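Q: Could you show me how to read aromatic pairs and charged surface patches in a structural model?

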Amino acid sequence: MPSNPRGFGILKKLAEHGASAMQPRIIRGRWAKPIISRRKAADQRKKAVIEGTFGSFSIEHGGWDPKWDKCQRPITARPFKGHKQERNRTERVQKIEKNLESQNKLFLEAKKATFKEKPEENYEDLL
């Protein structure tokens, strides 16, 4: 093994800090970036899988501990939101039914209003 192989710094940091090396942390009241970036951690994990050292870790041979993998968020079963017209369909039907009850009355009122607006026909006005 060479004196300082590529990726040795990552192994050293993983041996020292473990999974916390890949987590952001608060230093003096401000968030600081992780010691090991996600890209470098992914490269190290991929290298461990290729070399067959996945599942165990030693600073001499490298590897990857499965506990270091980023845990996936649990998937919650939520119904599909759907289209707005489908979500509001019941309210729309109720509104239409309510308006249909008063439709005849409104129609007659509108017809009377237009009739009143017309001028009265006289024979004298026509001449």
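The dialogue below takes up the aromatic pairs and then a surface patch, in what is a predicted model.

Q: By what is a pair of aromatic rings described, and how many such pairs does the structure hold?

A: A pair of aromatic rings is described by the distance of the centres and the angle of the planes. The structure holds two aromatic pairs. In one of them, the ring centres of Phe-57 and Trp-68 are 5.0 Å apart and the planes stand at 70 degrees, so this pair is edge-to-face, given that planes over 60 degrees apart count as such. Phe-57 belongs to strand E3 (residues 57-58), while Trp-68 sits in the loop between strand E4 (62-63) and H3, so the pair ties together parts that are 11 residues apart in sequence.

Q: What is the geometry of the rings of Trp-64 and Trp-68?

A: Their centres are 5.3 Å apart and their planes at 90 degrees, so Trp-64 and Trp-68 are also an edge-to-face pair. Phe-57, Trp-64 and Trp-68 together form one aromatic cluster.

Q: Is Trp-64 buried or exposed, and how do Trp-68 and Phe-57 count?

A: Buried means under 20% relative accessible area. Trp-64 is therefore buried at 2%, and Trp-68 counts as buried at 11%, whereas Phe-57, with a relative accessible area of 25%, is partly exposed.

Q: Which residues form the positive surface patch?

A: The patch is made up of Arg-78, Lys-81, Lys-84 and Arg-87. Of these residues, Arg-87 lies in helix H3 (residues 84-87), and its relative accessibility of 40% makes Arg-87 count as partly exposed.

Key:
Residues are numbered from 1 along each chain as its sequence is written. This is a predicted model: local features need pLDDT of at least 70, side-chain atom pairs count only at pLDDT 80 or more; totals for chains, interfaces and linings use all residues. Side-chain values use heavy atoms; hydrogens and water are left out. Patches are made of residues with over 30% relative accessible area and no salt bridge: like charges are joined within 9 Å, nonpolar side chains (Val, Leu, Ile, Met, Phe, Trp, Tyr) within 5 Å. Accessible areas come from the Shrake-Rupley method with a 1.4 Å probe; for residues, only the protein chains shown count as cover. A salt bridge is a side-chain nitrogen of Lys or Arg within 4 Å of a carboxyl oxygen of Asp or Glu. Lys and Arg count as positive and Asp and Glu as negative; His and the chain ends are not counted. The place of a charge is taken as NZ of Lys, CZ of Arg, CG of Asp or CD of Glu. Helices (H or I, at least four residues) and strands (E, at least two) are DSSP runs, numbered from the N terminus. Buried means under 20% relative accessible area, exposed over 50%, partly exposed in between (1.4 Å probe, protein chains only). Rings of Phe, Tyr and Trp (its six-membered ring) pair if their centres lie within 6.5 Å; planes under 30 degrees apart count as stacked, over 60 as edge-to-face and the rest as tilted.
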